[in-house]
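Here is a short round of questions and answers about how the parts of one protein are described. Take a look at the sequence and structure first, and then we can go through the terms together.

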Amino acid sequence: MYPDFSDEILGISARIVSLYTDRGLFLCGAESCTGGACASAIVATPGASRIFRGSAVCYCDGAKEKILGVKASTIEKFFAESSRCAEEMAFGALGLYEADIAFATTGFLDANVGGKPESLRGIVFAAIAMRGRREALVNRISLDPSNERNFNRFYCVLEVMKMIEKAAL
């Protein structure tokens with residue numbers, strides 16, 4: 001039996017909405033492996049519409065390129081499941097939604113790496129980009145690839161929510 005992260009995620013979401021409202025900040029996102037779960041956690045909080053501009057779920061490489069402006073050369077050289085791609089996704093969302101802070105997620109939630117290096121098993125990259133800054137904060141989240149996929153996905157959401165909260169402090 002896996003722990004349930006939902007109460008902790010929703011608690012952080014409430015703090016994010018309050019904090020961003022108090023500071024007049026707008027938030028947006030770009031999600032791949034979390035599939036919109038971060039955005040869902042935020043909009044589950046009353047008042048989220050005051051601070052949340054939107055989130056693009058870009059699961060395939062082409063969507064990352066066309067919607068978020070991730071460079072094809074980044075995907076070719078570093079893969080779509082890389083820290084570099086997470087950073088470009090976050091900055092792409094920042095411009096797309098004209099927000100102050102953006103989050104992004106990309107990576108592998110389990111052992112299925114689709115022919116890419118085995119070292120990427122259970123590795124997710126989460127990025128935070130801020131308007132006016134040239135570099136994003138990127139965290140590498142190491143997961144147990146033998147865990148059930150959705151357990152790892154919601155663990156990532158929890159970690160991203162902590163990053164989003166910290167970005168406004």
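Q: Glad to have you here; this is a predicted model. Which strands does α5 lie across, and at what angle does it run to β3?

A: Helix α5 lies across β1 (27-31), β2, β3 (101-107), β4 and β5. To β3, α5 runs at about 145°.

Q: What makes these strands one sheet, and in which order do they come?

A: The 5 strands form an open sheet with mixed pairing, in the order β2-β1-β3-β4-β5. Neighbouring strands are turned by 15° against each other on average, with direction ignored.

Q: How do you know that β4 and β5 pair?

A: Pairing takes at least two bridges between two strands. Strand β4 (residues 123-130) is joined to β5 by 6 bridges, so the two count as paired, and they run antiparallel. Here F125 stands opposite R140 in β5.

Q: And what about β1 and β2: parallel or antiparallel?

A: Those two run parallel, joined by 5 bridges. In this pair, A30 has A56 of β2 opposite.

Q: Why is β1 called largely enclosed?

A: The strand is described that way because 5 of the 5 residues of β1 are buried. Looking at directions, L27, G29 and E31 point one way from β1, while C28 and A30 point the other way, and all are buried. The general pattern behind this is that side chains in a regular strand alternate between the two faces of the sheet.

Q: Why is α3 called oblique to α5?

A: Helix α3 (residues 61-68) and helix α5 (residues 83-97) pack at about 40°, with axes 9 Å apart. Angles under 35 degrees would count as roughly parallel, and 65 to 115 as roughly perpendicular, so this angle makes α3 oblique to α5. The crossing of the two helices is left-handed.

Q: Which residues meet where α3 and α5 pack?

A: From α3 come K64, I67 and L68, and they meet C85, E88, M89, G92, A93 and L96 in α5. By class, this contact has 6 nonpolar, 1 polar and 2 charged residues.

Q: How do you know whether T74 is buried or exposed?

A: Buried means under 20% relative accessible area. T74 has 3%, so T74 is buried. This residue is found in helix α4 (residues 72-78). Not counting residues up to four places away in sequence, T74 touches F79, R84, C85 and E88.

How values were computed. Residues numbered from 1 in each chain as written. Predicted model: local features only at pLDDT ≥ 70, side-chain atom pairs only at ≥ 80, totals over all residues. Heavy atoms only, no water. Axes fitted to C-alpha atoms, helices over the stretch in contact; angles between N-to-C directions. Helix = DSSP H or I, 4+ residues; strand = E, 2+ residues; numbered from the N terminus. Parallel < 35°, antiparallel > 145°, perpendicular 65-115°, else oblique. Left-handed = near helix turned anticlockwise from the far one by under 90°. Contact = heavy atoms within 4.5 Å. Nonpolar A, V, L, I, M, F, W, Y, C, P; charged D, E, K, R; others polar. Buried < 20%, exposed > 50% of the residue type's maximum accessible area, 1.4 Å probe, protein only.
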